[in-house]
Amino acid sequence: MKKYECPCGYIYDPELGDIENNIPPETAFEDLPEDWVCPLCGAEKEFFEPVE
């Protein structure tokens, strides 16, 4: 699964999920809730870019 990076530098790693926001490990970026935002800066999903 691909990692995605926020403009603030936070990288969403699907292997880790986002435990603090109730996103379990192995959750693909595409499967995150529509209202999920960056836990560091609050940016919406649309601002994230795939990490090569």
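These legends describe close-up views of one predicted model.

**View 1. The whole chain, three strands and no helices.**
The model is predicted. The protein chain has zero helices and three strands. From the N terminus on, its elements run β-β-β. The C-alpha trace spans about 25 × 25 × 15 Å along its principal axes. A compact globule of 52 residues would have a radius of gyration near 10 Å, and the protein chain, at 10 Å, agrees. Of the 52 residues, 35% count as buried. Take the contacts between residues at least 6 apart in sequence: 41% of them join residues at least 24 apart.

**View 2. The largest nonpolar core.**
This core has 11 residues. Among them are the aromatic residues Tyr-4, Tyr-10, Tyr-12, Phe-29, Trp-36 and Phe-48. Cys-6, Ile-23, Leu-32, Cys-38 and Ala-43 also belong to the core. Phe-48 is buried, at 5% relative accessibility. Trp-36 is buried as well, at 5%. Tyr-10 has a relative accessible area of 15%, so Tyr-10 counts as buried too, the limit being under 20%.

**View 3. The aromatic cluster.**
The count of aromatic pairs comes to seven. In one pair, the ring centres of Tyr-10 and Phe-48 lie 6.5 Å apart. The planes of these two rings meet at 85°, so the pair is edge-to-face. Tyr-10 sits in the loop between β1 and β2, and Phe-48 in the loop between β2 and β3. The two residues are 38 apart in sequence, so this pair links distant parts of the chain. Ring pairs link Tyr-4, Tyr-10, Tyr-12, Phe-29, Trp-36 and Phe-48 into a cluster.

**View 4. Trp-36 beside Phe-48.**
Phe-48 counts as buried, at 5% relative accessibility. The ring centres of Trp-36 and Phe-48 are 5.5 Å apart. Their planes stand at 50°, so the pair is tilted. Both residues lie in the loop between β2 and β3. They are 12 residues apart, and the pair links distant parts of the chain.

**View 5. Phe-29 and its contacts.**
Leave aside residues up to four places away in sequence. Phe-29 then touches Tyr-4, Tyr-12, Trp-36, Lys-45 and Phe-48. Lys-45 lies over the face of Phe-29, at 5.4 Å from the ring centre. Phe-29 is also part of the largest nonpolar core.

**View 6. The salt bridge of Glu-34 and Lys-45.**
Side chains of opposite charge can pair when their charged atoms come close. Glu-34 and Lys-45 meet in a salt bridge, at 3.9 Å from N to O. Each residue lies in the loop between β2 and β3. They are 11 residues apart, and the pair links distant parts of the chain. Is each partner buried or exposed? Glu-34 counts as exposed, at 70% relative accessibility. Lys-45 counts as buried, at 14%.

**View 7. The salt bridge of Asp-13 and Lys-3.**
The count of salt bridges comes to two. In this one, the closest N and O atoms of Asp-13 and Lys-3 are 3.7 Å apart. Asp-13 lies in the loop between β2 (11-12) and β3 (49-50), and Lys-3 in the segment before β1 (4-5). The pair therefore ties together parts that are 10 residues apart in sequence. Asp-13 counts as buried, at 15% relative accessibility. Lys-3 counts as partly exposed, at 37%.

Terms used
Residues numbered from 1 in each chain as written. Predicted model: local features only at pLDDT ≥ 70, side-chain atom pairs only at ≥ 80, totals over all residues. Heavy atoms only, no water. Core = buried A, V, L, I, M, F, W, Y, C linked by side-chain atoms within 4.5 Å. Buried < 20%, exposed > 50% of the residue type's maximum accessible area, 1.4 Å probe, protein only. Contact = heavy atoms within 4.5 Å. Salt bridge = Lys/Arg side-chain N within 4 Å of Asp/Glu carboxyl O. Helix = DSSP H or I, 4+ residues; strand = E, 2+ residues; numbered from the N terminus. Phe/Tyr/Trp six-rings, centres within 6.5 Å; stacked < 30°, edge-to-face > 60°. Lys NZ or Arg CZ within 6 Å of the ring centre and 35° of its normal. Rg over C-alpha atoms; globule rule 2.2 N^0.38 Å.
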